[in-house]
Amino acid sequence: MSESKAPSPVEKELIEKFGNIYESYGLRRLQGLIVGLLLTKSEPVSLDDMVEILDRSKGPISISVRRLDDMDYVRKVEGPNNRRNYYESHPNIFFNNFKFNMQTVRENRSIAERFLNRIDTEGDETEKTKRSLEHMEAFYDLMESFFEDFAERWWEVKQEQLGAESNQEAVTPR
């Protein structure tokens with residue numbers, strides 16, 4: 001490996017677990033592998049090193065890294081060689097993942113709300129459909145309130161347990 005040492009057996013297992021988790025959530029397994037890898041590295045990792053460590057082609061790694069960067073799970077940083085792109089896990093990766101999940105909850109609540117409004121105005125849907133959508137709306141409305149409470153509490157806990165340096169990249173919880 002040119003600049004990044006090979007992962008230990010425990011780190012390899014962690015990287016694989018992240019790949020499996022991401023795949024189980026409907027994301028690309030490679031994205032999970034990249035996140036797992038970056039979480040194990042104290043120094044930024046180049047795309048070339050990712051290719052070597054993960055034993056994958058550069059094209060799919062590059063595409064996956066760009067998508068992860070768009071999601072704020074990883075970020076591009078400077079590295080020892082100016083001719084290469086280097087990445088590290090985003091300091092708020094777990095909160096950013098949480099926000100991604102929270103957006104899904106909001107979208108589900110919005111779907112229920114939208115279709116309930118259509119049922120009320122169009123009136124030809126079954127009672128079962130209406131009850132199901134009411135259930136869905138109530139469920140996701142409550143879940144959204146839990147997410148909002150959690151987001152606010154997280155910043156307090158992060159400050160208390162992890163200290164000021166962990167909040168260098170802090171953004172508002174909403």
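How many bridges join β1 to β3, and do these strands run parallel or antiparallel? Let's start there, everyone. There are 2 bridges between β1 and β3, and the two strands run antiparallel. One thing to keep in mind as we go: this is a predicted model.

One of the positions to look at is Val45, whose bridge partner in β3 is Tyr87. Now step back to the sheet. It is an open sheet of 3 strands, ordered β1-β3-β2, with antiparallel pairing. β1, residues 45-46, and β2 are the edge strands, each pairing on one side only.

Let's move on to the pockets. The largest pocket holds about 220 Å³ of space. Which residues line it? From the aromatic side we have Phe18, Tyr22, Tyr25, Phe94 and Phe100, and the rest of the lining is Ile21, Leu27, Val35, Ile93, Asn97 and Asn101. Two helices, α1 (9-24) and α5 (93-122), each supply at least two of the lining residues. Of the elements, α5 gives the most, with 5 residues. By class, that lining has 9 nonpolar residues, 2 polar ones and no charged ones.

The second largest pocket has a volume of about 180 Å³. It is lined by 13 residues, and those nearest its centre are His90, Pro91, Asn92, Ile93 and Phe94. The elements giving two or more residues to this lining are β3 (86-89), α5 and α6 (127-162). Here the classes come out as 7 nonpolar, 3 polar and 3 charged residues. If you have the structure open, look at Ile93 and Phe94: they are in the lining of the largest pocket, and they are also among the residues nearest the centre of the second largest one.

Next, the salt bridges. Searching the whole structure turns up 11 of them, and I'll walk you through three.

In the first example, the side chains of Arg84 and Asp48 meet at 3.2 Å, N to O. What does this pair tie together? Arg84 sits in the loop between β2 (74-77) and β3, while Asp48 belongs to helix α3, residues 47-54, so the salt bridge links parts that are 36 residues apart in sequence. Both ends are partly exposed: Arg84 has a relative accessible area of 26%, and Asp48 has 28%.

My next example stays inside one helix. Glu113 forms a salt bridge with Arg109, with 3.2 Å between the closest N and O atoms. Both residues lie in α5, 4 residues apart, which is about one turn of the helix. Are they buried or exposed? Arg109 counts as buried, at 17% relative accessibility, whereas Glu113 is partly exposed, with a relative accessible area of 34%.

The last example is Arg153 with Glu160, whose side chains meet in a salt bridge at 4.0 Å, N to O. Arg153 is partly exposed, at 41% relative accessible area, and Glu160 is exposed, at 58%.

There is also a network to point out. Salt bridges with shared partners join Arg106, Arg109, Glu113, Glu144 and Glu148 into one network. You have already met two of its members, since the Glu113 and Arg109 salt bridge was our helix α5 example.

To finish, please take another look at α5 on your screens. This helix gives the most residues to the lining of the largest pocket, contributes to the lining of the second largest pocket, and holds both Glu113 and Arg109. Thanks, everyone, and I'm happy to discuss.

Definitions and conventions:
Residues numbered from 1 in each chain as written. Predicted model: local features only at pLDDT ≥ 70, side-chain atom pairs only at ≥ 80, totals over all residues. Heavy atoms only, no water. 1 Å grid on protein atoms, 1.4 Å probe; cavity = no way out; pocket = protein on both sides within 12 Å on 5 of 7 lines; lining within 4 Å. Points joined across faces, edges and corners; volume = space filled by probe spheres on them. Nonpolar A, V, L, I, M, F, W, Y, C, P; charged D, E, K, R; others polar. Buried < 20%, exposed > 50% of the residue type's maximum accessible area, 1.4 Å probe, protein only. Pairing = 2+ DSSP bridges.
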